[in-house]
Amino acid sequence: MEGRLKLYYNPMSRAAITRWVLEEVGADYELVHLDFEAGENRRADFLSINPMGKLPTLVLPDGTVMTESAAIAAHLADRYPDAGLAPAMGTSERATYYRWLFFAPSCIEPAASEVMMRRDSAPLPKKSVGWGSYDDVIDTLESQLSPGPYLTGDRFTAADLIIAATLRWMTLFGAPRLETSNPIQAFIERATDRAAYRRSQASG
Ligand SMILES: N[C@@H](CCC(=O)N[C@@H](CS)C(=O)NCC(=O)O)C(=O)O
């Protein structure tokens with residue numbers, strides 16, 4: 001890809017996940033730090049780029065604005081095919097990859113919000129909410145990761161990156177069951193034991 005990508009960034013946000021993807025694919029990018037405490041993500045100039053005021057926000061070289069960390073990962077995996085983060089279009093491996101890429105924002109994230117932010121509330125009705133229940137989500141991930149090593153099998157993809165990063169954050173924030181889950185912790189360790197992950201952690 002010609003030209004530089006611009007990532008609006010704060011290391012304590014999901015923009016750190018996008019930075020990891022950018023490192024995986026070897027993109028030429030710049031970081032624009034936004035200070036949450038100072039409210040920089042709620043200022044008019046940034047809201048004119050992303051009205052949600054959220055990070056990550058990625059601006060492509062032609063000015064296209066992307067938000068949503070899983071969508072950004074999917075795009076970058078396609079745009080930089082040599083990085084090998086996405087199975088070939090139309091294959092069964094690609095189908096499995098989509099399944100897990102979408103599972104992160106549609107099941108893992110809301111399930112985590114439900115158990116971590118509504119601790120004293122009764123669970124939402126399993127048959128009505130798209131993620132069923134937190135326990136079902138974690139059971140499903142543990143099953144898919146046993147034996148692993150990755151969600152689609154032997155190969156690390158953008159879906160692994162998104163889910164490993166999400167599970168890592170959830171573990172840090174004390175989400176139930178994760179710290180003692182061998183398949184999940186082994187998966188996080190495997191995924192983060194990558195040079196691109198380490199580069200993405202550098203101050204920048
Ligand atoms: N659905 C978005 C979520 C983005 C999001 O919630 N970002 C948080 C940080 S992790 C944020 O920017 N919070 C600042 C705010 O809303 O003021 C994604 O997956 O990228």
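The legends below describe close-up views of a predicted model.

**View 1. The largest nonpolar core and its most connected members.** The core holds 64 residues, and those touching the most other members are Leu5, Leu58, Val137, Leu141, Ile163 and Leu167. Both domain 1 (5-84) and domain 2 (92-195) supply at least three residues to this core. In soluble globular proteins, nonpolar side chains tend to be buried together.

**View 2. Surroundings of Ile163.** Leaving aside residues up to four places away in sequence, Ile163 is in contact with Trp100, Ala104, Ile108, Leu141, Leu151 and Phe187. Two residues of this view, Ile163 and Leu141, are among the core members with the most contacts to other members. Phe187 also appears in the next view, where this residue belongs to the α7 side of a helix pair.

**View 3. Packing of helix α6 against helix α7.** Helix α6 spans residues 158-172 and helix α7 spans residues 182-192. Their axes lie 9 Å apart and form an angle of about 120°. An angle of this value makes α6 oblique to α7. The crossing of α6 past α7 is left-handed. On the α6 side, the residues in contact are Asp160, Ile163, Ala164, Leu167, Arg168 and Thr171. Their partners in α7 are Ile184, Gln185, Phe187, Ile188, Ala191 and Thr192. Ile163 and Leu167 thus belong to the α6 side of this contact, and both are listed among the most connected core residues.

**View 4. The cis peptide bonds before Pro56 and Pro149.** Most residues other than glycine have a negative phi, and most peptide bonds are trans. The bond from Leu55 to Pro56 is cis, with omega near 5°. Pro56 sits in the loop that joins α2 (44-47) to β3 (57-59). The bond from Gly148 to Pro149 is also cis, with omega near 5°. Pro149 lies in the loop between α5 (134-144) and α6.

**View 5. Positive phi at Glu68 and Arg177.** Glu68, a residue other than glycine, has a positive phi near 75°. Its location is the loop between β4 (65-67) and α3 (69-79). Glu68 has a relative accessible area of 51% and is exposed, the cut-off for this class being over 50%. Arg177 is not a glycine either, and its phi is positive at about 75°. Arg177 is placed in the loop between α6 and α7, the helices of View 3. With 29% relative accessibility, Arg177 is classed as partly exposed.

Terms used: Residues are numbered from 1 along each chain as its sequence is written. This is a predicted model: local features need pLDDT of at least 70, side-chain atom pairs count only at pLDDT 80 or more; totals for chains, interfaces and linings use all residues. Side-chain values use heavy atoms; hydrogens and water are left out. A nonpolar core is a set of buried Ala, Val, Leu, Ile, Met, Phe, Trp, Tyr and Cys residues joined through side-chain atoms within 4.5 Å. Buried means under 20% relative accessible area, exposed over 50%, partly exposed in between (1.4 Å probe, protein chains only). Domain bounds come from an automatic or database domain assignment. Contact means heavy atoms within 4.5 Å. Axes are lines fitted to C-alpha atoms, for helices over the stretch in contact, and angles run from 0 to 180 degrees between N-to-C directions. Helices (H or I, at least four residues) and strands (E, at least two) are DSSP runs, numbered from the N terminus. Angles under 35 degrees count as roughly parallel, over 145 as roughly antiparallel, 65 to 115 as roughly perpendicular and the rest as oblique. A crossing is left-handed if the near helix is turned anticlockwise from the far one by less than a right angle, and right-handed if clockwise.
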